Amino acid sequence: MASSLADVTPGLSIHLANFSADDPGGWQPLLDRARAADRAGVDRVSVSDHVVFGENLEAYARPEVGGIEGGKQPTGPDGHWLEPLTVLSVISGMTSHVRLATGILIAPLRRPVTLAKTAATLDVLSRGRLDLGVGVGWQREEYDAAGLGFEGRGRLLDHTLAVCQTLWRDRSARFADDQLRFESIHLMPKPLQPGGVPIWVSGTLNPRVLERLVRFASGWIPWGPFVRDPASGVARVREAFEAAGRDPAGLQVQGTLPAVKGSDGSVDLARTLEGVPALVDAGITDFRAYLPVPEDPNAATDYLADVVTAFRQTVGRSPHPATV
């Protein structure tokens, strides 16, 4: 019998806002928060992705095209959005410990061989800290502007991941599908992490996404209805892994740290963490925290260090050694 998903050490992550509804006048707060997270012992920081926007943003709330029912796009079409792998490259140079994640990268918009090279380079320069969260996105106009077919975005993502993993794995690589053929191709250096950069697949659990998870994934980023209730999908992912002969024990699963507010409106950290053990038992391994982190870098480091200490005590991990 496969071991429980809870065998994976639970981690704490924060999402960095690499976007703004208006021109923020500079992005230093983003970098300051990343450095504070690193110093405080946060396990992972993530950034998200859009390359361009059309003016129709309603699809974000349409589940049939990959949106979240009731969800809302955080910017207008003229919002400012920094390219995530570039952002993580900068963060990599100013941090030492925290893992660097895309949550998510719309991978089908990138040429596969170029994405493979970029991700491998970032993994090497960050000393093996990259997690590549990928998905298909939700806006047709973004694919139109890239000259790509929106209806075939899932197939294009599978193709992209297959090319990347082949180039990361094989010294003299060959590849063939209905979109691309090559042989005796060398991509060096390889990613520092054994087996290549870990892939986290985002999606609701339809048959195509389950197949993608089984084939490519080290982690699952829930989407659609599973954003609010990721634990309900863990059993389905485990079953799919086991049916395909993959051990699900090492699979990572992202969930939200459910912030609980006190009577004064501030976050009650003790009560917030009360729900964590049950989610760990359900298979959540990566807890994304949405907390009122101070803007001042030193205050942010102190605040996050307290959160990290409390979180690690809750899940039975040793305290993070001070890195300030």
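**Exercise 1. Helix α10**

Against which elements do the buried residues of α10 pack? Determine also the length of the helix and describe its two ends in this predicted model.

*Solution.*

Step 1. Establish the extent of the helix. Helix α10 covers residues 297-315, 19 residues in total, and its first and last C-alpha atoms are 27 Å apart, close to the 27 Å expected at 1.5 Å a residue.

Step 2. List the covered positions. The buried residues of α10 are Ala 300, Thr 301, Leu 304, Val 307, Val 308, Ala 310, Phe 311, Arg 312 and Val 315.

Step 3. Identify the partners. These buried residues pack against two strands, β1 (11-15) and β12 (286-289), and against the helices α1 (28-40), α8 (269-274) and α9 (276-282).

Step 4. Inspect the ends. At the start of α10, the backbone nitrogen of Asn 298 has a side-chain oxygen of Asp 296 within 3.2 Å. Just after the helix, Gly 316 adopts a positive phi of about 80°.

**Exercise 2. The pair α5 and α6**

Characterise the relative orientation of helices α5 and α6, and the composition of their contact.

*Solution.*

Step 1. Consider the geometry of the axes. The axis of α5 (residues 153-169) and that of α6 (residues 207-216) come within 11 Å and cross at roughly 0°.

Step 2. Classify the angle. Because angles under 35 degrees count as roughly parallel, α5 is roughly parallel to α6.

Step 3. Name the residues in contact. On the α5 side they are Gly 154, Arg 155, Leu 157, Asp 158, Leu 161, Ala 162 and Gln 165, and on the α6 side Arg 208, Arg 212, Arg 215 and Phe 216. By class, this contact has 5 charged, 4 nonpolar and 2 polar residues.

Step 4. Check the length and burial of α5. Its 17 residues should span 24 Å at 1.5 Å a residue, and the end C-alpha atoms are indeed 24 Å apart. Helix α5 is mostly covered, with 15 of its 17 residues buried.

**Exercise 3. Ser 202 and Gly 203 in strand β9**

Is Ser 202 buried or exposed? Describe its surroundings and those of Gly 203.

*Solution.*

Step 1. Locate the residues. Ser 202 is part of strand β9 (residues 199-203), and Gly 203 lies in β9 as well.

Step 2. Compare the accessible areas with the cut-off. A residue under 20% relative accessible area counts as buried. Ser 202, at 9%, is therefore buried, and Gly 203, at 6%, is buried too.

Step 3. Find the polar contact. A polar atom of the Ser 202 side chain lies 3.4 Å from the backbone oxygen of Ile 221.

Step 4. Collect the neighbours, leaving out residues up to four places away in sequence. Ser 202 touches Ile 104, Val 134, Gly 135, Ile 221 and Trp 223. Gly 203 touches Val 209, Trp 220, Ile 221, Pro 222 and Trp 223.

Step 5. Follow one neighbour further. Ile 104, which Ser 202 touches, lies in strand β5 (residues 99-106). A cis peptide bond, with omega of about 10°, joins Gly 103 and Ile 104.

**Exercise 4. Thr 272 in helix α8**

Which backbone nitrogen does the side chain of Thr 272 reach?

*Solution.*

Step 1. Place the residue. Thr 272 lies in helix α8, and its relative accessibility of 0% means that it counts as buried.

Step 2. Name the polar partner. The side chain reaches the backbone nitrogen of Val 260 at 2.8 Å.

Step 3. Add the other contacts. Beyond four places in sequence, Thr 272 touches Leu 257, Pro 258, Ala 259, Val 260 and Val 267.

**Exercise 5. Backbone geometry and a loop proline**

Examine the backbone at Met 188 and Pro 189, at Arg 127 and at Ser 184, then describe the setting of Pro 248.

*Solution.*

Step 1. Consider the peptide bond. Met 188 and Pro 189 are joined by a cis peptide bond with omega of about 0°. Pro 189 sits in the loop between β8 (181-185) and β9.

Step 2. Consider the positive phi values. Arg 127, a residue other than glycine, has a positive phi near 60° and is found in the loop between α3 (112-125) and β6 (130-135). Ser 184, not a glycine either, has a positive phi of about 55°. Ser 184 lies in strand β8 and is exposed, with a relative accessible area of 51%.

Step 3. Turn to Pro 248. Pro 248 belongs to the loop between α7 (231-243) and β11 (252-257), and is buried at a relative accessible area of 1%. Its C-alpha atom is separated by 5.6 Å from that of Arg 238, 10 residues apart along the chain.

Notes
Residues are numbered from 1 along each chain as its sequence is written. This is a predicted model: local features need pLDDT of at least 70, side-chain atom pairs count only at pLDDT 80 or more; totals for chains, interfaces and linings use all residues. Side-chain values use heavy atoms; hydrogens and water are left out. Helices (H or I, at least four residues) and strands (E, at least two) are DSSP runs, numbered from the N terminus. The expected span of a helix is 1.5 Å times one less than its number of residues. Buried means under 20% relative accessible area, exposed over 50%, partly exposed in between (1.4 Å probe, protein chains only). Contact means heavy atoms within 4.5 Å. A polar contact is a pair of N or O atoms within 3.5 Å; within protein, one must be able to donate a hydrogen and the other to accept it, and residues adjacent in sequence count only if both atoms are side-chain atoms. Axes are lines fitted to C-alpha atoms, for helices over the stretch in contact, and angles run from 0 to 180 degrees between N-to-C directions. Angles under 35 degrees count as roughly parallel, over 145 as roughly antiparallel, 65 to 115 as roughly perpendicular and the rest as oblique. Ala, Val, Leu, Ile, Met, Phe, Trp, Tyr, Cys and Pro count as nonpolar, Asp, Glu, Lys and Arg as charged, and the others, Gly among them, as polar.
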